[in-house]
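Open the model in your viewer and keep the selection tool at hand. The tour goes from stop to stop, with something to select at each.

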Amino acid sequence: MKAVVWYGVGDIRLDEVPEPRIEQPTDAIVRLTASAICGTDLHMIRGTVSGMKPGRILGHEGVGIIEALGPDVRNLNVGDRVVIPSTIACGYCAYCRDGYYSQCDHANPQSESTAFFGGPEAFGGFNGLQAEKARIPFANVNLIKLPGEVIDEQAILLSDIFPTGYFGADIADIEPGHTVAIFGCGPVGQFAIASAKLMGAGRVLAVDNIPSRLEMAKQQGAEIINFDEEDPVETIKRLTGGIGVDRAIDAVGVDANCPHSGPAAKDARQLKAEFQREQKYVAPEQNPQNGNWEAGDAPSQVLRWAVEALAKAGTLSIIGVYPPTDNVFPIGKAMNKNLTIRMGNCHHRKYIPMLIDLVQSGAFDPLTVLTEVKPLTDAIEAYKAFDRRESGWMKVELEPSAVG
Ligand SMILES: NC(=O)c1ccc[n+]([C@@H]2O[C@H](COP(=O)([O-])OP(=O)(O)OC[C@H]3O[C@@H](n4cnc5c(N)ncnc54)[C@H](O)[C@@H]3O)[C@@H](O)[C@H]2O)c1
Ligand SMILES: [Zn+2]
Ligand SMILES: [Zn+2]
């Protein structure tokens with residue numbers, strides 16, 4: 001079968017690989033009808049999340065049809081149409097039972113990192129979902145049946161990025177009336193904006209430097225700030241009467257960039273040596289080519305801005321991904337402002353059923369965030385355009401059964 005395979009930093013290929021088989025009685029095999037490309041995949045290709053094994057199938061977002069089931073999966077049938085949560089959970093350990101699915105004890109027993117599809121060995125070393133078929137462990141929890149009204153283009157957004165944006169707003173503890181700053185207007189940031197609004201945020205201030213992404217944030221009702229044109233901290237303070245925001249969400253992560261023009265560029269230049277030192281830890285190996293696979297040049301930029309932009313006693317929610325080797329955070333400023341900091345990988349399994357209901361009822365349609373649908377056979381070119389953040393490119397669905 002065809003799949004997108006990671007061979008090295010800056011080296012991914014569409015390849016022919018063996019089909020997966022049932023290995024455990026709790027497994028299922030799913031024939032994928034939709035997959036997607038995510039900012040998380042880019043970290044592994046840019047080298048900012050390391051430890052991938054060559055030959056690993058990429059991708060952790062999927063929708064499909066169950067083709068085979070192990071004898072211990074009792075709540076699903078062959079032929080069921082399902083969405084696959086990105087993080088893998090057993091469903092029976094104490095963490096899963098408490099809703100901390102991304103900290104499951106059994107799915108990734110060898111380390112303290114979340115288990116997810118298409119990630120490094122320390123994250124379980126599971127083959128991913130940018131493929132024609134996939135093996136799904138603990139299928140009774142890691143497959144969720146879809147109602148017919150929720151089409152594939154909506155459902156693929158429920159596999160990872162809508163639940164992650166919702167999780168980010170949930171752990172930010174947003175209450176009606178709050179003013180919320182969201183850093184990053186990529187697909188995850190767009191769903192963080194939507195979720196903050198669903199939770200009743202009074203104002204959402206959205207920061208990025210890609211005009212088409214800021215425009216989508218504005219369409220959602222956010223007040224937008226381009227960090228190449230304005231100093232985001234200064235603007236956030238000015239727009240909030242000097243107080244700052246109640247809540248901030250980091251939807252960027254380790255591949256953050258610093259401003260290279262505008263009034264905030266001077267501060268960034270002064271931090272250049274520190275940013276370069278951080279890069280040595282987070283991305284010791286890099287392999288940029290012709291404008292692709294460039295690691296972000298300022299890993300801690302968003303953390304620094306968010307801590308400064310928050311009001312005293314505010315809450316920071318970090319959903320942007322940082323690798324375990326990252327160790328830079330402005331702890332002194334955060335401590336002295338009595339900030340609350342919450343973070344982590346999304347407990348997808350906890351949120352997806354509720355979000356399916358929301359979409360099925362018509363109360364919220366996530367579809368505007370999906371801007372591209374491409375056949376799996378065009379995956380590498382689609383990856384490159386998404387990596388370059390080409391104008392208008394937001395979320396990219398891949399269709400495993402279509403031929404380009
Ligand atoms: N916690 C989780 O469970 C989880 C799940 C999915 C994705 N993620 C992470 O969420 C992050 C975003 O994912 P995505 O798919 O939207 O990625 P993306 O790369 O498409 O988007 C990142 C956005 O951040 C912007 N950006 C860069 N530097 C910035 C800065 N200094 N200030 C503000 N914006 C800046 C970029 O221009 C881009 O629009 C990634 O780190 C991804 O790994 C986390
Ligand atoms: Zn994802
Ligand atoms: Zn578990």
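A polar contact here is a pair of N or O atoms within 3.5 Å. Keep that cut-off in mind for the first stop. Note also that this is a predicted model.

**Stop 1: ligand 1 and its polar contacts**

Select ligand 1 and Val 321. A backbone N or O atom of Val 321 is 3.0 Å from an oxygen atom of the ligand. Add Pro 187, where a polar backbone atom lies 3.2 Å from an oxygen atom of ligand 1. Then add Gly 184: here a polar backbone atom is 3.5 Å from a nitrogen atom of the ligand.

How much of ligand 1 does the protein bury? Taken alone, the ligand exposes 870 Å², and the protein buries 98% of that.

**Stop 2: the shell around the ligand**

Now show the residues around ligand 1. There are 32 of them, and those that come nearest are Thr 40, His 43, Asp 208, Asn 257 and Cys 346. Colour the shell by residue type: 15 of its residues are nonpolar, 13 polar and 4 charged. Four elements give two or more residues to this shell, namely α1 (39–46), α6 (187–198), β10 and α11 (301–309).

**Stop 3: the sheet of 6 strands**

Strand β10 leads to the next selection. It belongs to an open sheet of 6 strands with parallel pairing, in the order β11-β10-β9-β12-β13-β14. At the edges are β11 (223–226) and β14 (340–343), each of which pairs on one side only. Look along the sheet: neighbouring strands are turned by 20° against each other on average, direction ignored.

Zoom in on β9 (residues 179–183) and β10 (residues 203–208), which run parallel and are joined by 5 bridges. Within this pair, Thr 179 stands opposite Arg 203 in β10. Next select helix α8 (residues 232–239), which packs on the sheet and touches β9, β10, β11 and β12 (245–250). The direction of α8 makes about 150° with that of β11.

**Stop 4: the sheet of 3 strands**

Which order do the strands of the open sheet of 3 strands have? The order is β2-β1-β4, and the pairing is antiparallel. The edge strands, pairing on one side only, are β2 (11–16) and β4 (56–57).

Select β1 (residues 2–8) together with β2: the two pair in the antiparallel sense over 6 bridges. Ala 3 stands opposite Asp 15 in β2. Finally, select helix α14 (residues 379–387), which lies across β1 and β2 and runs at about 155° to β2.

Methods. Residues numbered from 1 in each chain as written. Chains lettered and ligands numbered in written order. Predicted model: local features only at pLDDT ≥ 70, side-chain atom pairs only at ≥ 80, totals over all residues. Heavy atoms only, no water. Pairing = 2+ DSSP bridges. Axes fitted to C-alpha atoms, helices over the stretch in contact; angles between N-to-C directions. Contact = heavy atoms within 4.5 Å. Near = heavy atom within 4 Å. Polar contact = N/O pair within 3.5 Å; in protein donor to acceptor, adjacent residues only side chain to side chain. Areas by Shrake-Rupley, 256 points an atom, 1.4 Å probe, with all protein chains shown as cover. Nonpolar A, V, L, I, M, F, W, Y, C, P; charged D, E, K, R; others polar.
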